[in-house]
Amino acid sequence: MSLSIPSLKLSCLIALTLLAAKPSLAEIISIPTVPIGNAGNAPDVSGYGDVAYEYRIGTHEVTNAQYTAFLNAVAQADAFGLYDTQMGATTQGGILRSGDSGTYTYSVKAPIGQYDFAKKPVVYVSWGDAARFANWLHNGQPTGPQDIGTTETGAYTLSGPGSAQVSVVNRNADAQWFIPSEDEWYKAAYYDDQNGVYFDFQTGSNVMPDDNQPSLDSGNSANYNRLNNQTRPMTDVGAYQLSASPYGTFDQAGNVAEWTEGKSGGQTRIHRGNGWLSTQLTQNRNNANPHILGNTLGFRVATVPEPATYVLGALALIGLLAFRRKR
């Protein structure tokens with residue numbers, strides 16, 4: 001039987017309501033991830049890297065293009081300062097803001113020659129900014145003010161931008177997208193699950209990577225030591241195609257250092273990896289106030305479920321409502 005008119009109207013109304021709660025399909029960003037298996041592996045001699053479960057981690061650092069989509073979805077007024085003016089005012093930042101509070105819009109800077117800001121890692125982001133981005137992904141990339149339905153609940157329960165609050169908050173048990181823990185980040189960067197060993201560097205090598213440009217990628221290269229090229233120093237995420245970690249992540253060595261969930265007493269958070277300005281690559285844990293912003297500090301995200309399952313689930317539900325037949 002065909003749907004009755006009242007049933008059809010109800011189904012269409014519900015479907016439109018569901019669609020209104022999310023950005024259009026064209027605005028939904030994709031976060032490529034790689035699977036990290038070998039659950040229950042032993043830690044490195046440093047004490048890091050053991051993870052008791054399987055998960056997925058971002059293949060790349062979060063880019064200016066991805067963060068711009070986030071800002072356009074939730075930062076028309078930008079109650080918690082997810083955009084910093086240095087993103088537009090400095091040569092390393094890659095995002096512009098237009099309009100006034102309540103009507104802000106955001107765009108990626110236009111390319112300068114071959115330097116494509118859209119593909120560069122976002123910088124000038126605090127730990128709280130990264131947590132809110134993760135919450136937004138967890139919630140299905142909704143559009144609306146920064147509140148409990150968009151950025152303030154999900155992977156993390158937040159209650160404003162205060163330093164003390166974001167420095168002590170923990171990941172919620174049902175988190176679907178999140179900032180990697182130190183162990184999750186470390187395992188993805190250094191662990192070789194085929195041989196059960198840890199490499200010294202994130203490129204699958206025990207030899208210090210060279211600082212060649214991507215066009216001269218040796219298979220053990222990274223973007224660092226750019227003291228003489230500070231105007232446009234970052235490389236496209238994933239540009240070093242021959243220098244992935246054993247699991248297949250890119251740029252955990254070089255480009256930008258990355259926030260983790262790690263804590264180091266007081267009100268600090270840990271970031272791992274090295275940035276384009278580092279003169280050498282190390283495995284150091286670096287602690288910082290969670291509100292610090294810098295041109296060499298970004299982040300990547302991780303997830304437990306398969307990527308984009310929430311999108312497929314929403315589309316399936318809309319299809320079911322639209323085409324369900326009357327008994």
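Gly154 sits in the loop that connects helix H4 (127-138) to helix H5 (163-168); helices here are DSSP runs of H or I with at least four residues, strands are runs of E with at least two, and both are numbered from the N terminus. The model is a predicted one, in which local features need pLDDT of at least 70, side-chain atom pairs count only at pLDDT 80 or more, and totals for chains, interfaces and linings use all residues. Residues are numbered from 1 along each chain as its sequence is written, and side-chain values use heavy atoms, with hydrogens and water left out.

With a relative accessibility of 10%, Gly154 counts as buried, a term that means under 20% relative accessible area, with exposed meaning over 50% and partly exposed in between (1.4 Å probe, protein chains only). Beyond its neighbours within four places in sequence, Gly154 is in contact with Asn135, His138, Asn139, Asn172 and Asp174, where contact means heavy atoms within 4.5 Å. Gly154 and Ala175 are 21 residues apart in sequence, while their C-alpha atoms are 6.4 Å apart in space.

The same loop, between H4 and H5, also holds Gln141. Gln141 is buried, with a relative accessible area of 1%, and has a positive phi of about 60° although it is not a glycine. Gly140, just after H4, takes a positive phi too, of about 90°.

Helix H4 itself is mostly covered, with 12 of its 12 residues buried. Among them are Trp127, Phe133, Trp136 and Leu137, along with Asp129 and Arg132. From first C-alpha to last, H4 reaches 16 Å, close to the 16 Å expected at 1.5 Å a residue; the expected span is 1.5 Å times one less than the number of residues. At the N-terminal end, Ser126 caps H4 through a side-chain oxygen that lies 3.4 Å from the backbone nitrogen of Gly128.

Helix H2 (residues 64-74) is mostly covered as well, with 8 of its 11 residues buried. These buried residues, including Tyr67, Phe70 and Leu71, pack against helix H3 (86-89), strand E3 (95-98), strand E4 (105-108) and H4.

Thr33 belongs to strand E1 (residues 33-36) and is buried, at a relative accessible area of 12%. The side chains of Thr33 and Arg56 are joined by a polar contact of 2.7 Å. A polar contact is a pair of N or O atoms within 3.5 Å; within protein, one must be able to donate a hydrogen and the other to accept it, and residues adjacent in sequence count only if both atoms are side-chain atoms.

Turning to internal space, the count comes to 1 cavity of 30 Å³ or more. On a 1 Å grid over the protein atoms alone, a cavity is a set of points where a 1.4 Å probe fits but cannot get out, and lining residues have an atom within 4 Å of a point. The largest cavity holds about 60 Å³ of space, a volume being the space filled by probe spheres set on the points. Tyr240, Phe250 and Asp251 are among the residues that line the largest cavity. Asp251 lies in the loop between strand E7 (197-198) and strand E8 (257-263), is buried with a relative accessible area of 7%, and has a positive phi near 70° despite being a residue other than glycine.

Across the chain there are 7 helices and 12 strands, and buried residues make up 50% of the 327 residues.

Key
On a 1 Å grid over the protein atoms alone, a cavity is a set of points where a 1.4 Å probe fits but cannot get out, and a pocket is an open set with protein on both sides within 12 Å along at least five of seven lines; lining residues have an atom within 4 Å of a point.
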